[in-house]
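Good morning, and thank you for coming. Please take a moment to look at the chain on the screen before I begin.

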Amino acid sequence: MENKKKKKTGKLLLLVTVLLAMAAYFFLPAVRQLIRDILQMFASGDFIIVRRFVESYGPYAAVISFLLMILQSIVAPLPAFLLTFANASLFGWWKGAILSWSSAMAGAAACFWIARILGRDAVEKLTSRSGLKQIDEFFDRYGRQSVLIMRLLPFISFDIVSYAAGLTAMSFGSFLIATGIGQLPATIVYSYVGGMLTGGARLFITALLVLFAISALAVLLRQIYRKRNQEEIS
């Protein structure tokens, strides 16, 4: 009974938040233009543009970056690595890594609770039915270790994984720990590289992402191999 009451309260709070956001978008031209600028910024694929946008807020740049990371998590799929590169370029690689890691955790938590409160129908509208189905199959196959494995694979949508986890029986604590550990290697690598990047480094970025994807895939294959061996032994 208490859980149902909490869920209803959560739905009400989310509904009020969404209605306020929609009202601000439709009735405040400045807010509408800001959202359009943010979406165009991410769509550009250029971390220099993202960096300039964040930097323009001066002493509030870190706060804006934090909020942008949460926004890109909810409005999946937007390229979070652009923001990670921008943070490293602006604040230095280790400070940028801390900012990117903590804000990504906050974004993942937001997606998890949106899914848990609103359910599958809402998640399918926020993401995609086919993408969610693929993640569901991964959860069915690998169980509790799914989040950790998928966080190590950069070609799997970070945000859809968070939404999908919220639809399972996984506890929030387990989800948060797996997310924190799983996303740490990529955050450190992207931040370290981001601190050295210039506008003409896209080829290097692409090569790095491919290399990281291959490494993560090797981890996944090793996990699958071990699981099959255990099943054969048992």
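I shall speak about the annotated spans and then about one pair of helices.

This is a predicted model, in which local features need pLDDT of at least 70 and side-chain atom pairs count only at pLDDT 80 or more, while totals for chains, interfaces and linings use all residues. Residues are numbered from 1 along each chain as its sequence is written, and side-chain values use heavy atoms, leaving out hydrogens and water.

The unreviewed UniProt entry annotates residues 12-28, 61-86, 98-119 and 201-221 as "transmembrane region"; such annotations may be inferred rather than shown by experiment. Residues 12-28 are 94% helix and 0% strand, with end C-alpha atoms 23 Å apart. For residues 98-119, the figures are 95% helix, 0% strand and 31 Å. Helices here are DSSP runs of H or I of at least four residues, strands are runs of E of at least two, and both are numbered from the N terminus.

How do α5 and α6 cross? The axes of α5 (residues 80-91) and α6 (residues 93-118), lines fitted to C-alpha atoms over the stretch in contact, come within 7 Å and cross at roughly 140 degrees, on a scale from 0 to 180 between N-to-C directions. The two helices are therefore oblique, a term for angles outside under 35 (roughly parallel), over 145 (roughly antiparallel) and 65 to 115 degrees (roughly perpendicular).

Finally, α6 is followed by G119, whose phi is positive, near 90 degrees.
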